[in-house]
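Trainee: Could we go through this one together? I'd like to see how the labels follow from the values.

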Amino acid sequence: MHTTRYEAPGTIADALGVIAANPGAMVLAGGTDLLVQYQSGMRSPSAFVDVKRIPELMQIAADEGGVTIGAAVPAAEICAHPVIRAWWPGLVDGVRLIGSTQIQGRCSIGGNLCNASPAADSVCALIVSGAVAVIAGPSGQREVPVRTFAVSPGKTVLAPAELLVSVRLARPAPHTGDAYQRLIPRSEMDIAVASAAVSLTIGADGVCSAARVAIGAVAPTALLVPDAAAALVGSRLDADALERASAAASAAANPIDDKRGTTAYRRQVVGVLTRRVAVIAADRAKER
Amino acid sequence: MSSAPQYTAIGTRPVRHDGVDKVTGRANYGADLSLPGMLFAVVVRSPHAHARIVSIDTSAALKVPGVKGVITGRDVPLVDMKLGLGEGAMDLKDMSDNLLARDKALYDGHVVAAVAATTMAAAREAADLVRVQYDVLEPVLSVDRAMEPGAPILHDTMTTQAHPPVESSGPTNVAGRMELKRGDVDKGFAEADVVVEHVFRTPTSHQGYIEPHACVARVNEDGRVNIWTTTQGPFLVRDATAKILGMDAANIKVTPSEIGGGFGGKIPVYLEPLAVVLARMTQRPVKMVMTRDEVFRGSGPTSATKIRMKMGAKKDGTIVAASASLYYEAGAYRGSPSGAGAMCAFAPYTIPNFFIEAYDIVVNKPKVAAYRAPGSPMAALATESLIDEIAGTLGLDKIDIRLKNAVKEGDKAPFGPPYGRIGFHDVLAKVRESEHWKSAKAPGVGRGLACGFWFNAGMSSSATVTVGSDGSAAVITGNPDIGGTRAAQALMVAEELGIPVERVRPIVADTDTAGFTEITAGSRVCYATGMAIVEASRNIREQLRARAAKVWGVPVEETRWEHGRVVPVNPSSERQPLTVPEIAAKFVKTGGPVIGHASVNPPMAGPAFAAHICDLAVDKETGCSRVVRYTAIQDVGKAIHPSYVEGQMQGGASQGIGWALNEEYIYDASGVMQNAGFLDYRMPVASDLPMIDTILVEVPSPGHPYGVRGVGEVPIVPPLAAVANAMADATGVRFTELPLSPPRVLAQLNGRA
Amino acid sequence: MSKLHIQTVVNGEPSEFLCAPDETLLSALRNGLGLTGTKEGCGTGDCGACSVIVNDRLVASCLVLAAEAEGRSITTIEGVASGSTLHPLQKAFLQEAALQCGICTPGFIVAAKALLDVNPDPHEEEVRYWLAGNLCRCTGYDKIVRAVLDAAAEMRSAQA
């Protein structure tokens, strides 16, 4: 089936109208997932609704309380934004890893979230930063924590008539640092075989007072791992605490065998990544 | 002993003549041609790895608006003959069946029908509507399975072509077997102080050229056929198309486009005959371009292999015995490079007792095509890993053990003839002298050394050289320029005629214009086509002497050629020398245009030996690894244009590194390829590799005017083992199965812990 | 399915073409405008042979819809040279022999130009990571990276 319409609405209301009028329409931001799926025949939308002419979806708004990132803002712009770089280097770690420079010129966190791949590079860091998805629909606006946005591979909580508008992050507490790493076979270009993000708050006494750990590509969705966080809270990130966090991450993983990795491999490596990422997050926390 | 010849052009690094077109996007590749009224054709491919084709219903496809023609196997008769393909002969019947399946689909991706329409969208829509009824059969997906009694048989008329002959009983998947032997291996092993044996496995991997196959065909009202195509062999396309379609080759003109990579994979013919049939049927030009998915599933990767090899040595490192069984997947039709693998496996070393048997085995995967030194890299993985292990066990230096056994001039090659002048010892000496070998390893880094051998082809070539009245020259051949051969050809003419290389125009011509030339492959263009060019140029020198003699009114014996000009033999003569431009200015008066041509069919070029050093950083917690330093050392005979020789070494090394670390065809249990794209068929990217240092050794090959040896293929032979040996050094674990992807490496490291 | 009429700027020149709603920018450039310098190597954004610059951003044109070109400015390989003067990158690729078959070369030159437009003094690792989305199978990247570094140096000294 061919996609027979291309629309480029200029406002959220217009976009919602086009979506309502075209059952089977799909939103086009960077197209780096959608167009690949279209060419392969995996998806056949009735219409492409290009949202890149809508200001709210293309801007980054920062103030004292936090940052709101438009759903269609390209990764290259997110990674260059001074406030995002200062407050969430872990998010930048993740976003910067999506694809190549060419992909970075187009891909968005909106697309990353809505594609709902368990291996999405921006999602783990969004989760540990407590990010919230802002959604517009026929009955108004609603918010959903990013942690619960994806339901299963390819499926999200978005209703067919809804549009993801932006992602909001509240300014992190003082002495908080985050980090993200993924395991890929080459140095670039691959889909994550396993990944982990950690956000830590470290007190002046060097003790971790708060932590969040999220793992990716090892379950149907990215997972928040409370047990891993608990292993770090109250510790000085000593070897024993790191080992317990690592083990908790491996235990929480529920991976599959596929062309990119085996179950055993993913489970083992996600623990290694959790440990390494926690160390980087702690170093960043101490710098703030 | 005379000193090395001094050249004025050979060995310099001019900008290549086709360079400006290529850096501005103006150069035209296979998919870049469009003709008025052109149709677009797509093929329908079997989704099953092994199936009988029961029926094909094209009626719904024909009804799609814009569709002008649909063909199936019924429309192309099968022929039964052979065609010489340069690095291996191929049965035309097999090639024809591979182009378009008749009774059976033999691999996931096998073409079963083709559709031509006025737009790509219509062609694709129609292709989806072609209804094929399959009787799905159990696929054979490994050499082990193929050889099991009771395994499904791909071809029910296949018997084993074996040398020496074997008693055949019934149809088999073993298409061929050969053996090579010397001495008494059992006695040799009994005398050895240390014996090692492993089974090695390498995956199906693809040449990975960035340009997919593409062509445009037009059939004129008088039956003359024009084909524009990206190919390594325009004459091969012409002859194969002619024979497969039962046409006269004289009626087919093939114009080679620029070619976006080949490495052997653009020798076979996949699209052109189909495009011609559709063009003839519709009386419109037809364009066919493969998608990347189709390139992986429907062209010719190289063989997956299983190699059992055993080697025995004395305490001092002398190899006294070696045996090997090579099992190579041919894909759906006979013709893997197992024989070449057998000939290369022990070629670098003098081994008094050896036995090698090589099996060519069909499986339900795409028919393999040549891939840069076909057959040799896999065999070298085995040989060089065993030597590495023996050296480690005996506490011997990795270079010394090889020097102890390395072949030199006069030694008999495993495949028969004695080696002429070769440079293996020189290459090994350069390893020891290299900065890389002398440098300390960084922590966490393993270092591997491995060597390799390739024959390098001869084969037929022609060349025409013309001199213009301004003293410039053109050199015309039928060899597509994959890696900078135009520049090398121009340098040869410049050297022979003593004119500046900028005033030489190298031209790759079509099959109507160029003299017959075999393919651009086999590392043979600088060698064989080069010989033709040199011969043609020297013929021109003789003609120039005759013209000068006419100008002076003397017999030609009183003239002499002296680099770019003709001089009188008699030094006291008052006549001034005449330069090429000066003689050329008088062409019309002295007899007309000056053209030289030559055709050659030389024996194999001098063999090439290489040694590579690889430093590999291994993360033992994740199994990930990265090449952090790499040096390629090779005997190149004579580097005509050193930059492009270096380029061949660097490119071959990177392909080998990718093959060793991450590249493999991944199949599911039903034989469907799971990673037919560049995302999951993981070739090295720029951030995966360091600078690749090259050391060129020049031991001139006798038999070529400049001592040229083929250089393009041997660079892919050492890297598989160089990387594997580096991994062994880094981890203490011997890996015998490629690729060394992180999950496989970590599993092995865990197992050992 | 009726076609869209798109008005855009390509290599500094106002251009227009008709395209299907689902056609890619790569196809519109090659088939609609006859600019065949941009190549298709994979169609899935993994090889970089289709690299172009859209409104100052390096993108893979196989993953941009032709319709999105409306009102935007596109630079292709055909627009890199200035009239008859080759860009320093083009000269460097020729001098350093940074191409063998040449199919990936247009994509690399456009991608490298985008790099030097934002970072005039990259070091080797930065060059390699920026170009990780451009596949080359012939060269092993060595001479390509050297050519980019050389061109960068030449452009910096020309500015000085």
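Trainee: What makes S2(A) and strand S3 (residues 47-50) of chain A a pair?

Mentor: Keep in mind that this is a predicted model. Two strands pair if there are at least two bridges between them. S2(A) and S3(A) are joined by three bridges, so they count as a pair, and they run parallel. Within S3(A), A:Asp50 is the residue opposite A:Leu28.

Trainee: Why are strand S1 (5-7) and strand S2 (26-28) of chain A called edge strands?

Mentor: The open sheet has three strands in the order S1-S3-S2 (chain A), paired in parallel. S1(A) and S2(A) are the edge strands because each pairs on one side only. On average, neighbouring strands there are turned by 25° against each other, direction ignored.

Trainee: Next, strand S6 (residues 132-137) of chain A: how do you know that it is mostly covered?

Mentor: Buried means under 20% relative accessible area. Six of the six residues of S6(A) are buried, hence the label "mostly covered". A:Val132, A:Val134 and A:Ala136 point one way and A:Ala133, A:Ile135 and A:Gly137 the other way, and all are buried.

Trainee: What makes strand S7 (residues 140-145) of chain A a partner of S6(A)?

Mentor: The cut-off is at least two bridges, and six bridges join S6(A) to S7(A), so they pair; the two run antiparallel. One of the bridge partners is A:Arg142 in S7(A), which goes with A:Ile135. The two strands form a hairpin, with two residues between them.

Trainee: And how do you know that S6(A) pairs with strand S10 (residues 163-170) of chain A?

Mentor: By that cut-off again: there are five bridges, so S6(A) and S10(A) pair, in the antiparallel sense. A:Arg168 in S10(A) stands opposite A:Val132.

Trainee: Over to chain C. Why is H3(C) called oblique to H5(C)?

Mentor: Helix H3 (residues 105-118) and helix H5 (residues 142-159) of chain C pack at an angle of about 40°, with axes 11 Å apart. Under 35 degrees would be roughly parallel, and roughly perpendicular covers 65 to 115. An angle of about 40° fits neither range, so H3(C) is oblique to H5(C). The crossing of H3(C) past H5(C) is right-handed.

Trainee: Which residues of H3(C) and H5(C) make the contact?

Mentor: From H3(C), C:Phe108, C:Ala112, C:Leu115 and C:Leu116; from H5(C), C:Ile144, C:Val148, C:Ala151, C:Ala152 and C:Met155. By class that gives nine nonpolar, no polar and no charged residues.

Notes:
Residues are numbered from 1 along each chain as its sequence is written. Chains are lettered from A and ligands numbered from 1 in the order in which they are written. This is a predicted model: local features need pLDDT of at least 70, side-chain atom pairs count only at pLDDT 80 or more; totals for chains, interfaces and linings use all residues. Side-chain values use heavy atoms; hydrogens and water are left out. Helices (H or I, at least four residues) and strands (E, at least two) are DSSP runs, numbered from the N terminus. Axes are lines fitted to C-alpha atoms, for helices over the stretch in contact, and angles run from 0 to 180 degrees between N-to-C directions. Angles under 35 degrees count as roughly parallel, over 145 as roughly antiparallel, 65 to 115 as roughly perpendicular and the rest as oblique. A crossing is left-handed if the near helix is turned anticlockwise from the far one by less than a right angle, and right-handed if clockwise. Contact means heavy atoms within 4.5 Å. Ala, Val, Leu, Ile, Met, Phe, Trp, Tyr, Cys and Pro count as nonpolar, Asp, Glu, Lys and Arg as charged, and the others, Gly among them, as polar. Buried means under 20% relative accessible area, exposed over 50%, partly exposed in between (1.4 Å probe, protein chains only).
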